Amino acid sequence: MAPILSGKRIILGISGGIAAYKSVTLASRFTQANALVDVIMTHSAAKFVAPVTFQSITQRSVATDTFEFWHDAGRLRIGHVALAHAADLFIIAPATAHTIARLALGLSDDLLSITALSYKGPMLLAPAMETNMWTHPATMHNVQTLRDWGVDFIGPAEGRLASGEVGEGRVAEPEEIFEVACKVIGRGGPLDGLRVLITAGGTREPIDPVRFMGNHSTGKMGAALARAARDLGAETVLVHAPLAVHPPGGVTLVPVHTAHQMYGAVMERLPKTDVLIGAAAVADYRPTDSADRKLKKSPKQQIITLERTPDILQTVGERREETRRHPRLVIGFAAETNDLEANAVDKLTKKNLDLIVLNDVTAPDSGFAVDTNRVTLFERDGSREAWPLMSKDEVAQAIMQRVVARLGRRNWKRPRQPSQVDEP
Ligand code: C5P
């Protein structure tokens, strides 16, 4: 879940393209995240998908007519003014070439364009059109004009288009739009201006070109941490070994495979990192010699000799003695099976961390692959705090609140109360 969207008012503009059907999923995602979604459809969008579909999903009226009036605190207000003033985020998905052109020209000839012109907050467009329309200098110019005004864009992606051709112009997937919307709305949050780097996933150490040594990590906890940091306004980097979950959108992804690659990627970014969270399950050993060719079966016993990999957090801990400033906060995870607390406290000191998050990976509802986690936090001052069983998203959000408490510029912004504006 994304608490950043709870209670937020989102205008979801839909212009006329076949990709309009995908916005049904998007409207549903926002509604499930407890956002109040006001759908505005152009007349051609309403030919592709019936307004009643969005009405049913959002349980709110769908606006198509410029001359509608809305009730606002006992007063009748002009629809587009009321909507534009109440909104926290304005998304147009799909945004056709025509709609983009109208926005860039400041036209106001239908409800969508007039509401956009009346609106002053963050705006996110998800273009969808044929490749030639997208790459046309007129569209490129209009997109640049809007970017210069601070409008965000997501996509378009390459893929199969309505014409049957394959090329650039396919609307971004609803999940991606949802994720980037969280980032856009989270801007200016309490971690705004801070750079957070998270490691995630289980590294893979090659034995030969087709085999590797790995572990059970899925990267769920790390991905949740990246989302939570992003939603609080942090500039977020996720250095990740292969993930079994969708990587989060709106963060910089740095894919790696091995512990050495992860080490290199983290060290390179260290001078520009304010907060480092090591949620990856990094291999402690790797095969000394990785074969160039696939190892063949033989009746003889095979022995693989192993050598140590670099300990990323420990190196960061050591470097902190040299540069006290970066990272300002280092958080580790201890996935343990036995002597839980002693091992966690030992790592906290040995790796020179500010905080360590202990989880018992033998518990069925905690640790690898599951969506929940039961963790205990240990701090340098000797304090410890056991948290109840929570979803990994909730654990991530609570950890980020710790980061806010230590480094955040402002306190956690409360979601804005829904405004008084109701449907007509
Ligand atoms: O020593 P251990 O692997 O149990 O420590 C776990 C913590 O250290 C985790 O935060 C993990 O991401 C990090 N780690 C690391 N580099 C390694 C091994 C672990 O950053 N080579």
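Where is the place of Asn34, in which loop? I began with this residue and found Asn34 in the loop between H1 and strand E2 (36–41). I note at the outset that the model is predicted.

**Entry 1: unusual phi values**

I looked up the backbone of Asn34, which has a positive phi of about 65° although it is not a glycine. Asn34 follows just after H1. For context, most residues other than glycine have a negative phi. I then turned to Gln59, another non-glycine residue with a positive phi, here about 55°. Gln59 lies in the loop between helix H3 (51–58) and strand E3 (62–63). I also checked its cover: Gln59 is exposed, with a relative accessible area of 68%.

**Entry 2: cis peptide bonds**

I looked for cis peptide bonds and recorded one that joins Ala93 and Pro94, with omega about 0°. Pro94 has its place in strand E6. I recorded another cis bond between Gly155 and Pro156, where omega is about 5°. Pro156 is found in a loop, the one between E8 and strand E9 (157–160). As background, most peptide bonds are trans.

**Entry 3: the parallel sheet**

I traced an open sheet of six strands in the order E3-E2-E1-E6-E7-E8, and its pairing is parallel. E3 and E8 stand at the edges with a single partner strand each, so one side of each has no neighbour in the sheet. At the E3 edge, I found two bridges that join E2 to E3 in parallel. Val39 has Val62 in E3 as its bridge partner.

**Entry 4: helices H1 and H9**

I listed the buried residues of H1 as Lys22, Ser23, Val24, Leu26, Ala27, Ser28 and Phe30. I then asked what covers them, and the cover includes strand E1 (9–14), E2, H3, E6, E10 and H9.

I followed this list to H9, which spans residues 174–186. Helix H9 has 13 residues and reaches 18 Å from its first C-alpha to its last, close to the 18 Å expected at 1.5 Å a residue. Is H9 largely enclosed, and how many of its 13 residues are buried? I counted ten buried residues of the 13, so H9 is largely enclosed by the rest of the structure. Among them are Pro174, Ile177, Phe178 and Glu179. Val180, Ala181, Cys182, Val184, Ile185 and Gly186 are buried as well. The cover over the buried residues of H9 includes helix H1 (22–32), strand E6 (89–95), strand E7 (123–127), strand E8 (152–153) and helix H10 (220–231). Just after H9, I noted that Gly188 takes a positive phi of about 85°.

**Entry 5: the hairpin of E9 and E10**

I examined E9 and strand E10 (residues 166–170), which pair in the antiparallel sense over four bridges. Glu158 has Glu168 in E10 as its bridge partner. Five residues lie between the strands of this hairpin, and Gly164 takes a positive phi near 95° in it.

**Entry 6: strand E19 and its partners**

I checked the cover of strand E19 (residues 329–336) and found it mostly covered, with seven of its eight residues buried. Strand E16 (residues 275–278) is joined to E19 by four bridges, and these strands run parallel. Gly278 has Gly332 in E19 as its bridge partner. I also looked at E19 with strand E20 (residues 355–360), and they pair in the parallel sense over six bridges. Glu336 stands opposite Asp360 in E20.

**Entry 7: the ligand**

Which residues are around the ligand? I listed Gly278, Ala280, Val282, Asp284, Pro310, Asp311, Ile312, Leu313, Gly332, Phe333, Lys347 and Lys351. The bridge partners Gly278 and Gly332 from the previous entry are included in this list.

I then read off the contacts between N or O atoms. A backbone N or O atom of Ile312 lies 2.9 Å from a nitrogen atom of the ligand. For Leu313, a backbone N or O atom lies 3.0 Å from an oxygen atom of the ligand. Lys351 contributes a polar side-chain atom, 2.8 Å from an oxygen atom of the ligand. I closed the entry with the ligand's cover: on its own the ligand has 450 Å² of accessible area, and the protein covers 88% of this.

Note on methods: Residues numbered from 1 in each chain as written. Predicted model: local features only at pLDDT ≥ 70, side-chain atom pairs only at ≥ 80, totals over all residues. Heavy atoms only, no water. Expected span 1.5 Å × (residues − 1). Buried < 20%, exposed > 50% of the residue type's maximum accessible area, 1.4 Å probe, protein only. Contact = heavy atoms within 4.5 Å. Near = heavy atom within 4 Å. Polar contact = N/O pair within 3.5 Å; in protein donor to acceptor, adjacent residues only side chain to side chain. Areas by Shrake-Rupley, 256 points an atom, 1.4 Å probe, with all protein chains shown as cover. Pairing = 2+ DSSP bridges.
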